[in-house]
Amino acid sequence: MQSQTIDPAKADLNHHHAATVDAHHEEHPDHRIFGLLMFLVAEGMIFMGLFGAYLAYRSTLPVWPPEGTPELELLLPGVNTVNLIASSFVIHNADSAIKKDDVKGTQLWMAITAAMGIIFLVGQVYEYTHLEFGLNTNLFASAFYVLTGFHGLHVTVGVLAILAVLWRSFKKGHYSNEHHFGIQAAEIYWHFVDVIWIILFGLLYLL
């Protein structure tokens, strides 16, 4: 029987190659946040296009909203606005908690943020059911439903993302101080939704 011998030079070379591969893998940059930001830039351009079209319509008509359009109520949208702005601070607390390895705190703040998002959507649906104009009433009405509806779709996606993060956080060790991309991504997206609503609220309800 022949004994199998290992060439020390080859063994050292293989070890060096494996170490190099591992080091390269560890140093590989994480572009997920950058990709999310690029996605939000693209979404922001869509909203800016819609806002631009709204302002163009507004500037070409002598009376805006057109005569006969019922006046919008400010109380419910105002409360909804305060709620959405406050939710941005709440979700930031979730991010701060996970950076302290406080998973329970993160779960609490995420759950509160999701609830606030759902309250916003319920308030928007309630407003829709009590408006005195429909989608085809006039140009202002059509613009109103398109802008608020498109934003509402983004809020819905945000709530679902937050709930997904919350669900995954119950898996032991899934999120930690060093690994919390999902929480960061949900927070950034939610801030985007918040900023868009502030602009939209100013255009539709205040100007």
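Let me begin with a definition: a residue is called buried when its relative accessible area is under 20%, exposed when that area is over 50%, and partly exposed in between, with a 1.4 Å probe and protein chains only. What we have here is a predicted model, in which local features need pLDDT of at least 70 and side-chain atom pairs count only at pLDDT 80 or more, while totals for chains, interfaces and linings use all residues. Residues are numbered from 1 along each chain as its sequence is written, and side-chain values use heavy atoms, with hydrogens and water left out.

I will start with H180, which sits in the loop between helix 5 and helix 6, where helices are DSSP runs of H or I with at least four residues, numbered from the N terminus. Is H180 buried or exposed? Its relative accessible area is 9%, so H180 is buried. Setting aside residues up to four places away in sequence, H180 touches D95, I98, K99 and Y175, a contact being heavy atoms within 4.5 Å. The side chain of H180 also reaches the backbone oxygen of N177, at 3.0 Å.

H180 takes us to the largest pocket, since H180 is listed with R32, H179, F181 and G182 as the closest to its centre among 15 lining residues. By pocket I mean, on a 1 Å grid over the protein atoms alone, an open set of points where a 1.4 Å probe fits, with protein on both sides within 12 Å along at least five of seven lines, and lining residues have an atom within 4 Å of a point. Helix 5 gives the largest share of that lining, 4 residues.

Turning to the interior, the largest nonpolar core has 43 residues, and those with the most contacts inside it are Y54, M110, F133, F140, F144 and L204. Such a core is a set of buried Ala, Val, Leu, Ile, Met, Phe, Trp, Tyr and Cys residues joined through side-chain atoms within 4.5 Å. Helix 6 supplies the largest share of this core, 14 residues. Beyond its neighbours within four places in sequence, F140 is in contact with several residues, including Y54, W64, F133 and L204.

Y54 is also one of the buried residues of helix 2, and these buried residues pack against helix 5 and helix 6.

Finally, L139 lies in helix 5 and is partly exposed, with a relative accessible area of 34%. Although L139 and P66 are 73 residues apart in sequence, their C-alpha atoms are 7.8 Å apart in space.

Conventions
Helix = DSSP H or I, 4+ residues; strand = E, 2+ residues; numbered from the N terminus. Polar contact = N/O pair within 3.5 Å; in protein donor to acceptor, adjacent residues only side chain to side chain.
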